[in-house]
Amino acid sequence: GIFFVPFTHAQQRIRFDHDVRPILSNHCWSCHGPNEVARQAGLRLDRRENAISKCESGRVAIVPGNPAESELIVRINSHDHNAQMPPASAKKPMTEQQRVILE
């Protein structure tokens, strides 16, 4: 039969265009992407310079090389429905593997 082998950094080199961009596009960009009208919290994740800058909250979504300080990682791993991203209302939950890839 088919079995699932957990994804680890050692098993595969993560590539932005192949591994990360599709996750962000599917789960994040509808609220944090190029559409200025739909954008929430002043956060734009489709452009690196915006993703690594301070948001309206004063937090930084992506701190390169430091997932523990990256608000995006904190939010995708949160169990608090008020903080968790993507929100349950989006009906696009991330898998554990997707969270590991983003981290």
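## Starting at Ala-41

Let's begin with a single residue: Ala-41 is partly exposed, with a relative accessible area of 47%. Ala-41 sits in the loop that runs between H2 and H3. The backbone at Ala-41 has a phi near 55°, a positive value in a residue other than glycine. Why is that worth a look? Most residues other than glycine have a negative phi. As you explore, keep in mind that this is a predicted model.

## The overall fold

Now step back to the whole chain. The protein has five helices and zero strands, and reading along the sequence gives the pattern α-α-α-α-α. Of its 103 residues, 29% count as buried.

How much of the contact network joins residues at least 24 apart? Among contacts between residues at least 6 apart in sequence, the share is 28%.

## The largest pocket

Rolling a probe the size of a water molecule over the atoms shows where empty space is left. The largest pocket has a volume of about 500 Å³. Its lining is made up of 25 residues, and those lying nearest the centre are Phe-16, Val-20, Ile-62, Pro-64 and Leu-102. Four helices each give two or more residues to this lining: H1 (16–27), H3 (48–51), H4 (71–76) and H5 (96–102).

Which helix gives the most to the lining of the largest pocket? That is H1, with four residues. Sorted by class, the lining of the largest pocket holds 16 nonpolar, four polar and five charged residues.

## The second largest pocket

The second largest pocket contains about 420 Å³ of space. Around this pocket are 22 lining residues, and His-32, Ala-41, Leu-43, Arg-75 and Met-85 are the ones nearest its centre. So here you meet Ala-41 again, now as part of a pocket wall. The elements giving two or more residues to this lining are helix H2 (29–32) and H4.

H4 supplies the largest share of the lining of the second largest pocket, with four residues. By class, this lining has 14 nonpolar, five polar and three charged residues.

## Two cysteines without a bond

How many disulfides does a search of the whole structure find? The count is zero. Cys-28 is in no disulfide, and the nearest cysteine sulfur, that of Cys-31, lies 9.1 Å away. Why is there no bond from Cys-31? Its sulfur is 9.1 Å from the closest cysteine sulfur, in Cys-28, which is too far for a bond; a disulfide needs the two sulfur atoms within 2.5 Å.

The surroundings of the two cysteines can be compared as well. Cys-28 counts as buried, at 9% relative accessibility, whereas Cys-31 is partly exposed, with a relative accessible area of 31%.

## The loop between H4 and H5

Several residues to look for sit in this loop. Ser-78 is placed in the loop between H4 and H5. Is Ser-78 buried or exposed? Ser-78 has a relative accessible area of 14%, so it is buried. The side chain of Ser-78 reaches the backbone nitrogen of Asp-80 at 3.0 Å. Leaving aside neighbours within four places in sequence, Ser-78 is in contact with Ala-83 and Gln-84.

Further along, Pro-86 also has its place in the loop between H4 and H5. The peptide bond from Met-85 to Pro-86 is cis, with omega near -15°. For comparison, most peptide bonds are trans. Lys-91 is found in the loop between H4 and H5 too, and it has a positive phi of about 55° although it is not a glycine. At 70% relative accessibility, Lys-91 counts as exposed.

## Gln-98 and its partners

Our last stop is Gln-98, which lies in helix H5. Which residues does Gln-98 touch, not counting residues up to four places away in sequence? They are Ile-23, His-27 and Pro-93. With His-27 there is a polar contact of 3.4 Å between the side chains.

Gln-98 also shows how the chain brings separate stretches together in space. Gln-98 and Pro-22 are 76 residues apart along the chain, and their C-alpha atoms are separated by 9.9 Å.

Notes: Residues numbered from 1 in each chain as written. Predicted model: local features only at pLDDT ≥ 70, side-chain atom pairs only at ≥ 80, totals over all residues. Heavy atoms only, no water. 1 Å grid on protein atoms, 1.4 Å probe; cavity = no way out; pocket = protein on both sides within 12 Å on 5 of 7 lines; lining within 4 Å. Points joined across faces, edges and corners; volume = space filled by probe spheres on them. Nonpolar A, V, L, I, M, F, W, Y, C, P; charged D, E, K, R; others polar. Buried < 20%, exposed > 50% of the residue type's maximum accessible area, 1.4 Å probe, protein only. Polar contact = N/O pair within 3.5 Å; in protein donor to acceptor, adjacent residues only side chain to side chain. Contact = heavy atoms within 4.5 Å.
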